[in-house]
Amino acid sequence: MSTYPLLSLAIWLPIAAGIIVLLTGSDRNAPLARMLALVGAIASFLVTIPLWAGFDVAYGGMQFVEMGSWIPRFNVNYHLGVDGISMLFVILNAFVTVIVVAAGWEVITQKVAQYNAAFLIMSGLMNGIFASLDGVLFYVFFEASLIPMYLIIGVWGGPNRVYAAFKFFLYTLFGSLLFLLALLYLFIHSGGSFSILDWHQLPLELSPQIWLFLAFLIAFAVKVPMWPVHTWLPDAHVEAPTGGSIVLAAIALKLGAYGFLRFSLPIAPDAAHELASLMIALSLIAVVYIGFVALVQADMKKLVAYSSIAHMGFVTLGFFMFSALGVEGALVQMISHGFVSGAMFFCIGVMYDRVHSRQIADYGGVVNTMPKFAALFMLFSMANAGLPATSGFVGEFMVILGAVQFNFWVAFAAATSLILGAAYSLWMYKRVVFGDVANDHVAKLSDINKREFAILGVLALCTLWMGLYPQPFTEVMHASVNELLNHVHISKIQ
């Protein structure tokens, strides 16, 4: 295991790079801002690679731990560490940041330095969320990450960007206030400790556990987002620039799901068992009902946004069946969704940059003018539908297998999403890509350039790699998932 402060580098290097990019100033220096942002994003990604290379897959506890005093008076520490659950998300976040900077290379022409700096700073803040082992540190990063995304939507978004940005901010802020109250309760009842690992060992009665679980639920359900607090997401996606949609889908939605594993299950295990039926019901509503909602969308971004809610329903379903297969399947689904949803939003962005429309009805026959793009778009549409040999299949299949062991009818309801996913993904693809050239706009389309091909090619390789050979991902998380489930089950037995 490395003795270097890799987690601190993963957090502060992109933030420092973002500040440097900001210093380039006006758009007269846009080429320099873009280059510095790309160098900073790549460097930030490279420092996360040793986390995977040096990770001990046989150990389920925290690794690469860093500890330092921050606010001694209140026993608040700069405490970092990752296990098999969080480590992969640090790497995924850094990887997605490189994709986002490259995606906006030619598209963003105004406030270029500020745009790229917002993504770099947000990348560091999100790595802080995944690596924090102190409650106050986690909360600071959790809240601070809202600011760059709020600015990205509000400044570079579409016509209704201000409305979407406010809705996004207010929804998530409301949940976060309840989360803060829960953290203060845990601080008092732990004898003055903000250590998340200490909170995992608190012997709480069922009643306070339920209240804590509900406070966590509201905070994290908004982030996932779960039904019925999901309505901010389609608006945010539609108005956000392409890079904002990619980060929102690939990383930001994972923060809520990660919160369930770091707070809800280990701190309130008895309440998690007590309220598991509620969580499974909400998850199945997201999987089935939201799948039907996606089916009737006329806007491509809205369709993919609703499909993200359905896919995240699979994630929360996997968590609350309390089986290794279900939890690991949910984690695989989260990582896969980062690749596939990011690619889907980038594909939509490619077409929007050329036609300036996201309406399915404004397209048709795209394969005739953009054959390379059509081939890659098909791969990601198939992965979004859960086609075997793509990453989209692995996680859903593991969760459904776990659901069969848990309850056949839960598995049956969850499996309907495979049909719905194929329906909305492939029907959209058929109407946009196949057929005769629909209009002059489509006739004038040019195929993807080298930059766009490189971005989609890298995401395609990740999607196929995870679909054909998921073991490198599952073996990392196995020991940590088993340790979490042992803790939950032992607490329940006691």
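The chain carries 20 positive and 24 negative side chains, and the centres of the two sets lie 12 Å apart. Lys and Arg count as positive, Asp and Glu as negative, while His and the chain ends are left out of the count. Each charge is placed at NZ of Lys, CZ of Arg, CG of Asp or CD of Glu.

This is a predicted model, in which local features need pLDDT of at least 70 and side-chain atom pairs count only at pLDDT 80 or more, whereas totals for chains, interfaces and linings use all residues. Residues are numbered from 1 along each chain as its sequence is written, and side-chain values use heavy atoms, without hydrogens or water.

Start with the whole chain. It has 22 helices and two strands. Helices (H or I, at least four residues) and strands (E, at least two) are DSSP runs, numbered from the N terminus. The C-alpha trace spans about 70 × 55 × 40 Å along its principal axes. The radius of gyration is 22 Å, which agrees with the value near 23 Å for a compact globule of 494 residues. That radius is taken over C-alpha atoms, and the globule rule is 2.2 Å times the number of residues to the power 0.38.

Burial comes next. Of the 494 residues, 62% are buried. Buried means under 20% relative accessible area, exposed means over 50%, and partly exposed lies in between, with a 1.4 Å probe and protein chains only. The accessible surface of the chain comes to about 18,100 Å², and carbon and sulfur atoms hold 68% of that area. These areas come from the Shrake-Rupley method with a 1.4 Å probe; for residues, only the protein chains shown count as cover.

Contacts tell a further part of the story. A contact means heavy atoms within 4.5 Å. Among contacts in the chain with a separation of 6 or more, 81% join residues 24 or more positions apart.

Helix 2 gives local examples. G40 sits in helix 2, which covers residues 30-46. G40 is buried, at 10% relative accessibility. Outside its neighbours within four places in sequence, G40 is in contact with A17 and L120. The C-alpha atoms of G40 and G18 are 7.7 Å apart, although 22 residues separate the two in sequence. A43 also lies in helix 2. A43 is partly exposed, with a relative accessible area of 29%. Its C-alpha atom is 8.0 Å from that of L13, 30 residues away along the chain.

Now move to D299. This residue lies in the loop between helix 14 (276-295) and helix 15 (300-319). D299 is buried, at 10% relative accessibility. Leaving out residues up to four places away in sequence, D299 touches V238, R358 and Q359.

The backbone deserves a look too. Most residues other than glycine have a negative phi, and most peptide bonds are trans. Where are the cis bonds? One peptide bond, from V224 to P225, is cis, with omega near -10°. Another, from W227 to P228, is cis with omega near 5°. P225 is found in the loop between helix 10 (206-223) and helix 11 (232-239). P228 is placed in the loop between helix 10 and helix 11 as well.

Positive phi values turn up around strand 1. F64 has phi near 55°, a positive value in a residue other than glycine. F64 belongs to strand 1, residues 63-71. With a relative accessible area of 5%, F64 is buried. N75 has a positive phi of about 60°, and N75 is not a glycine either. N75 lies in the loop between strand 1 and strand 2 (76-82). At 35% relative accessibility, N75 counts as partly exposed.

Finish with the cysteines. A disulfide is a covalent bond between the sulfur atoms of two cysteines. The cut-off used here is a pair of cysteine sulfur atoms within 2.5 Å. The structure holds zero disulfides. Why does C347 lack a bond to C462? The closest cysteine sulfur to that of C347 is in C462, and it is 14 Å away, so it is too far for a bond. Seen from C462, the closest cysteine sulfur is in C347, also too far for a bond at 14 Å. C347 is buried, with a relative accessible area of 0%. C462 is buried too, with a relative accessible area of 12%.
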